[in-house]
Amino acid sequence: MKNPNDGFVKGRLRSIKFAFKGMWLLLTTEDSIKVQFSVAVLAIIAGFYFHISATEWMFQLIAIALVLVAEAMNTAVEKMADFVHKDYHQKIGFIKDIAAGSPGFAAIISLIIAGIIYIPKIIN
Ligand SMILES: Nc1ncnc2c1ncn2[C@@H]1O[C@H](COP(=O)(O)OP(=O)(O)OP(=O)(O)O)[C@@H](O)[C@H]1O
């Protein structure tokens, strides 16, 4: 929560601290993020192994960020939905399904990017 006594710099530093706390919480408590992060590490190892170009690195890193960001936002929506309404409700189901669509899109696009980068290298 924002502290009204914080100046601009102190306020920004607090926000950075919360951002790191959020990343740590995601990586240590959320199985879906742990899986996506492990896949990202494997992709980075593959990038070094296949000596991908600077452009390919940029696309790979953007794809990794896209998946992690979408998964994190989906997790936040799930937590919010569970907090607002713990019991079964059709609307909560709809909201969660919609939120789950975002990492779905990100994963499909990232798989296509991975295919474009690695399939020709594997074939050769
Ligand atoms: N309270 C609810 N009411 C109705 N449907 C729900 C409810 N909670 C979950 N669902 C349905 O179950 C699906 C999975 O929800 P859940 O919260 O378990 O997410 P998950 O993807 O399994 O979680 P995680 O990302 O942690 O693996 C939702 O997309 C929704 O269709």
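Biologist: Which residues are around the ligand?

Modeller: They are Ser32, Glu78, Tyr88, His89, Ile92, Gly93, Lys96, Asp97 and Ala100. A residue enters this list if its C-beta atom, placed from the backbone, lies within 6 Å of the molecule. This is a predicted model, in which local features need pLDDT of at least 70 and side-chain atom pairs count only at pLDDT 80 or more, while totals for chains, interfaces and linings use all residues. Residues are numbered from 1 along each chain as its sequence is written.

Biologist: What makes up the shell around the ligand, by class?

Modeller: It has 3 nonpolar, 3 polar and 3 charged residues. Nonpolar means Ala, Val, Leu, Ile, Met, Phe, Trp, Tyr, Cys or Pro, charged means Asp, Glu, Lys or Arg, and the others, Gly among them, are polar. The largest share of the shell, 5 residues, comes from helix 4. A helix here is a DSSP run of H or I with at least four residues (a strand is a run of E with at least two), numbered from the N terminus.

Biologist: How do you know that the reach of helix 3 is close to what is expected?

Modeller: Helix 3 covers residues 54-84, which is 31 residues, and its first and last C-alpha are 45 Å apart. The expected span is 1.5 Å times one less than the number of residues. For helix 3 that gives 45 Å, so the reach is close to the expected value.

Biologist: Why is Glu71 called buried?

Modeller: Glu71 has 22 C-beta neighbours inside 10 Å. A residue is buried with 20 or more other C-beta atoms within 10 Å of its own, exposed with 12 or fewer, and partly exposed in between, with C-beta atoms placed from the backbone. The count for Glu71 meets the cut-off, so Glu71 is buried. Glu71 lies in helix 3, where the buried residues also include Gln60, Ala63 and Asn74. Cover for the buried residues of helix 3 comes from elements including helix 1 (8-29), helix 2 (31-49) and helix 4 (90-123).

Biologist: What does Glu71 touch?

Modeller: Leaving out residues up to four places away in sequence, Glu71 touches Ser32, Ile33, Gln36 and Pro103. Touching means that the two C-beta atoms, placed from the backbone, lie within 7 Å. In an unreviewed entry, UniProt lists Glu71 under "active site" and also under "binding site". UniProt positions follow the numbering used here, feature names are shortened, and annotations may be inferred rather than shown by experiment.

Biologist: Why is Glu78 called partly exposed?

Modeller: Glu78 has 17 C-beta neighbours inside 10 Å, which falls between the two cut-offs, so Glu78 is partly exposed. Glu78 is in helix 3 and touches Lys96 and Ala99, not counting residues up to four places away in sequence.

Biologist: How do you know that Glu30 is partly exposed?

Modeller: Glu30 has 18 other C-beta atoms within 10 Å, so the same reasoning puts Glu30 in the partly exposed class. Glu30 sits in the loop between helix 1 and helix 2. The unreviewed UniProt entry lists Glu30 and Glu78 under "binding site". These two are spread over 49 residues of sequence, yet they cluster in space, with a largest C-alpha distance of 11.6 Å.

Biologist: What makes up the largest nonpolar core?

Modeller: It has 9 residues: Ile33, Ala43, Ala63, Ile64, Val67, Leu68, Ala70, Ala72 and Ala106. Helix 2 and helix 3 each supply at least two residues of this core, and helix 3 gives the most, with 6 residues. A nonpolar core is a set of buried Ala, Val, Leu, Ile, Met, Phe, Trp, Tyr and Cys residues joined through C-beta atoms within 7 Å. In soluble globular proteins, nonpolar side chains tend to be buried together. Ala106 touches Leu66, Val67 and Ala70, not counting residues up to four places away in sequence.

Biologist: Why does Ser102 count as partly exposed?

Modeller: Ser102 has 17 C-beta neighbours inside 10 Å, again between the cut-offs, so Ser102 is partly exposed. Ser102 belongs to helix 4. Ser102 and Glu71 are 31 residues apart in sequence, and 7.5 Å apart in space from C-alpha to C-alpha.
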